[in-house]
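Q: Please take a close look at the part of this model where the two chains meet, and then place it in the setting of the chains themselves. A plain account of the computed values is enough.

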Amino acid sequence: MWPFVARRLTLAALTLVGMSLVIFVLLRLAPGSIVDLIFQSAGYVDPAAKQRIAHELQIDRPVAIQYLLWVRDLAHGDLGISYRYGLPAWQIIRGRIPTTVELATLAMLVAVLIGVPTGILSATHQDTAVDYGLRVFSLAGLSMPAFWLGMVILLFLVREFHWIPSMTYISPYVDLRAHLVQFSFPALAVGYRSAALISRMTRSSMLEVLREDYVRTARAKGLPRRIVVNRHALRNALLPVVTVIGTEFAFLIGGLVVTETVFNLPGVARYLVEAITWRDYPIVQNLVMFIAIVVVCSNLAVDLLYARLDPRVRYE
Amino acid sequence: MRGQKGGQWGVLTLFLGIVVTVAVSTAAAPSPKRGGILNAMHREDPPSLSIHEEATISTNWPMMPCYNNLVLFNPLFGQETVSTIVGELAEKWTWQDGGKALAFTLRQGVKWHDGRPFTSRDVKYTFDMVRGVPELASHLRLNPRKGWYANIQSIDAPDPFTVIFRLTQPQPSLLLMLASGYSPIYPAHIDAAELRSRCVGTGPFRLKEYRRGELIEMERNPDYFIRDRPYLDGIRFIIIRERGTRIAALQAGQLDVTMPQEGSKTAAEQLKRAVPSLVVVEAAHNVNDNILVNFKQPPFTDARVRRAVSMAIDRQGFVQAVRQGGAVVGASMQPRPWGNWGLPNDQLAQLPGFGDPTRQRAEARQLLAEAGFGPGKSIRVTVSTRAIALFVDLATYVIDQLKQVGIEGTLEQVDSAQWYAKLTRGDYALAGNLTGIGVDDPDANFYENYVCGSPRNYSQYCNPEIDRMIAQQSQTLDPVQRRRLVYEIQKRLEIDGARPILGWSVDSYVMWPYVKNLVPHESIYSYARFQEVWLNR
């Protein structure tokens, strides 16, 4: 087991180094810089002032030097100063991480709570009205982009109830109920798509397992249907589902960008897009690195969980 | 005799009518109430909190409540003219030395939000910094309105409560520029760089909290120098990036008012249908849609081709098709009744591009033929525009219109980060553009957009005769004579095709009926003091 873990950890570390390079280079390939954008909002260009500001922000230095300085600062836990706000990047990012993590967790919770039972139900009732209904439900989920669904939810609420969730963040320490209400709708909007995917994966995986000899044997032994499904079939059928959950967690960030924007939640995902728009390199670099770490860690967790669920994996 | 008597009765009836109307409206108008928090819409984080360093409503809208000017356009009147200017930090002002000096007597006992006293030193410091006096220790990182104050020779502060602006030439428009929301007084004891992220003003509200990307919260200034003002306890500028969400929040009552430049006519109509009690106020905000024709790029070096471009565009069609009726046709100054300097309709109709579209197109084809272009040799041109829907709609319409006279256009969408740099470099042939003007005065507009060598004269139009006329109108003290000159300049600019104007936006400002005394102005930049606003909930 331990060599497997060590191998996976080394791979994760190398991936992160590679990611840091890709992030850094790609960001600088995008046209324009923060200085262009500062002048864009002012509506004029003054070459001397531009040069002065670029020098102040140190973006006139060679790219390689900028990269090394960033990595050095990162290693010391210094995320730099936001070009746009002139404040430490960590101070800006820090407050936003819990919002995104909470929303992603709630969305995954919604996805698993809806996806797994509906998948099982669909498989155990194959080709019945229940199965058809649930398949339509999951297909719809896969077809609807999260931002569209979020906007539809918002418009439905305002039209029917003249109410929408709060547009300013409510801390759980101030009002837990209002906080959960505020997060439940975006979690639903993001989680629905993942639920649909998980449901389809659970269904097909369950159908496959339900046709296995050992399941037939269990049935032949006269075991109750509940035991056959939950104990013999489900555990084996869950392996690919866990993989999907892991990868979905990584992909969730894309859905969160628009959902945080639609529901006006002060999360990392929405802020990342704004920082990219402003070419605020310290914020973008560190946030993307944060996301890369989350993705690499979630993949690592899936790998380790896989190894735990299926002993054959660790010897391969 | 009979007619005279009838006239007397008419006057009497009118007088009684006015008396009754005033009495009824006075009786019906509720008196202002203290208290309450106003939730105002905001679309994005301001680039910075420093009004003097920015040229966007995203900064003015939330930061104006924090500051005061020497003078300001009366918040309760939509029109911005010399006669609607009221004193803020200045109690009174007089023109001296034949219009070459403007002296202000300042209020006494005014305090900055940090408790320090306000004096003439702060005024001198502010405008010395804005006009870029090199000896000053503090400088603005960006200085978009330095040109407004180019005519100031010196600023004297002979005592703590007197300031005198001495000018090279008379310039009646100076007072209007000082009354703009773009002209707050900064504290001399605080470095200007600090004001990018915090606010120390003398204004009716103090900055309570700024949660980036979320909220800018202002609280009532208890030491404000006007007794019983402001009425509100605070203002929350709620930042909502997504337009659909902003509208939903307004409809759900989480926002009390929209923000300037946010109200399209169609969106306002939809909101009004959904919530009939919402109040919709139409207001033009001194923003025009225009075409930039690069004077240095062939074939637009030929005056006939430039004029053909201007004549090819059906302005009324643009207003209806692109802006859905939310705009009006005009020349280079904002048209009446929204603006004060717009050309009268009869004079406008005589200008190229403003007549019958069919006839104009025929003339455009004729001009192109004279310049050597026609069916066998058509002009192919790239029409650049900013990659924002408002700009792209405009440029797409221009391409369609040009095609009808035989000019083949291809759309090029330019990232916002590159837009002004590209225009300033002159790296385009034709461009679809929007221009916002800070103050409805010819000086603010002409010097910025039309004089030779101005950094924002993107089309690189240069006519020394026009420059001379612009300088002449700027120094003319007689308003009638100045207006005549301004009309003449506008006609010449359109004939020269300096920057063909397609339309002037008219926004629909939406608010809940309990919001009182928030009057949209003809410029978006000058009505966000919120000192007089109150809530009748």
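**The interface of chain B and chain A**

A: In this predicted model, 40 residues of chain B are in contact with 39 residues of chain A. The size of an interface is often given as the accessible area lost when the parts come together. For chain B and chain A that buried area is about 3400 Å², and carbon and sulfur atoms give 57% of it.

The polar side of the interface can be counted too. Between chain B and chain A there are 13 residue pairs in polar contact, with both residues at pLDDT 80 or more. On the side of chain B that touches chain A, the elements giving two or more residues are β8 (205-211), β10 (234-239), α5 (243-251) and α12 (416-425). Of these, α12(B) gives the most, with six residues.

The rule also finds two salt bridges across the interface. One of the salt bridges in the model joins Glu274(A) to Arg241(B); their closest N and O atoms are 3.6 Å apart.

Chain A, one partner in this interface, has 13 helices and zero strands. Read from the N terminus, its elements are therefore a run of α with no β among them, where helices and strands are taken as DSSP runs. The C-alpha atoms of chain A fill a box of roughly 85 × 60 × 35 Å along the principal axes. Of its 316 residues, 48% count as buried. Among the contacts in chain A with a separation of 6 or more, 72% are between residues 24 or more positions apart. Chain A exposes about 15800 Å², and carbon and sulfur atoms supply 67% of that area.

Part of the surface of chain A is a nonpolar patch of about 380 Å², made by Val22(A), Val25(A), Leu26(A) and Leu29(A). Val25(A) is found in helix α1 (residues 2-29) of chain A. Its relative accessibility is 43%, so Val25(A) counts as partly exposed. That value also lies over the 30% relative accessible area that a patch residue needs.

Chain B, the other partner, offers two loop residues for a closer look. Asp441(B) is in the loop between β15 (430-436) and α13 (442-449). Because its relative accessible area is 0%, Asp441(B) counts as buried. The side chain of Asp441(B) reaches the backbone nitrogen of Asp443(B) at 2.9 Å. Leaving aside neighbours within four places in sequence, Asp441(B) is in contact with Ser173(B), Leu176(B), Met333(B), Trp341(B) and Arg482(B).

Gly342(B) is placed in the loop between β12 (327-328) and α9 (345-348) of chain B. Gly342(B) also has a relative accessible area of 0%, and so is buried. Not counting residues up to four places away in sequence, Gly342(B) touches Met333(B), Gln334(B), Pro335(B), Arg336(B), Tyr487(B) and Gln490(B). Met333(B) thus appears in the contacts of Asp441(B) and in those of Gly342(B). From Gly342(B) to Ser526(B) there are 184 residues in sequence, and the C-alpha to C-alpha separation is 20 Å.

Definitions and conventions. Residues numbered from 1 in each chain as written. Chains lettered and ligands numbered in written order. Predicted model: local features only at pLDDT ≥ 70, side-chain atom pairs only at ≥ 80, totals over all residues. Heavy atoms only, no water. Patch = residues over 30% accessible without salt bridge, like charges linked within 9 Å, V, L, I, M, F, W, Y side chains within 5 Å. Areas by Shrake-Rupley, 256 points an atom, 1.4 Å probe, with all protein chains shown as cover. Salt bridge = Lys/Arg side-chain N within 4 Å of Asp/Glu carboxyl O. Helix = DSSP H or I, 4+ residues; strand = E, 2+ residues; numbered from the N terminus. Buried < 20%, exposed > 50% of the residue type's maximum accessible area, 1.4 Å probe, protein only. Contact = heavy atoms within 4.5 Å. Buried area = accessible area lost by both parts, 1.4 Å probe. Polar contact = N/O pair within 3.5 Å; in protein donor to acceptor, adjacent residues only side chain to side chain.
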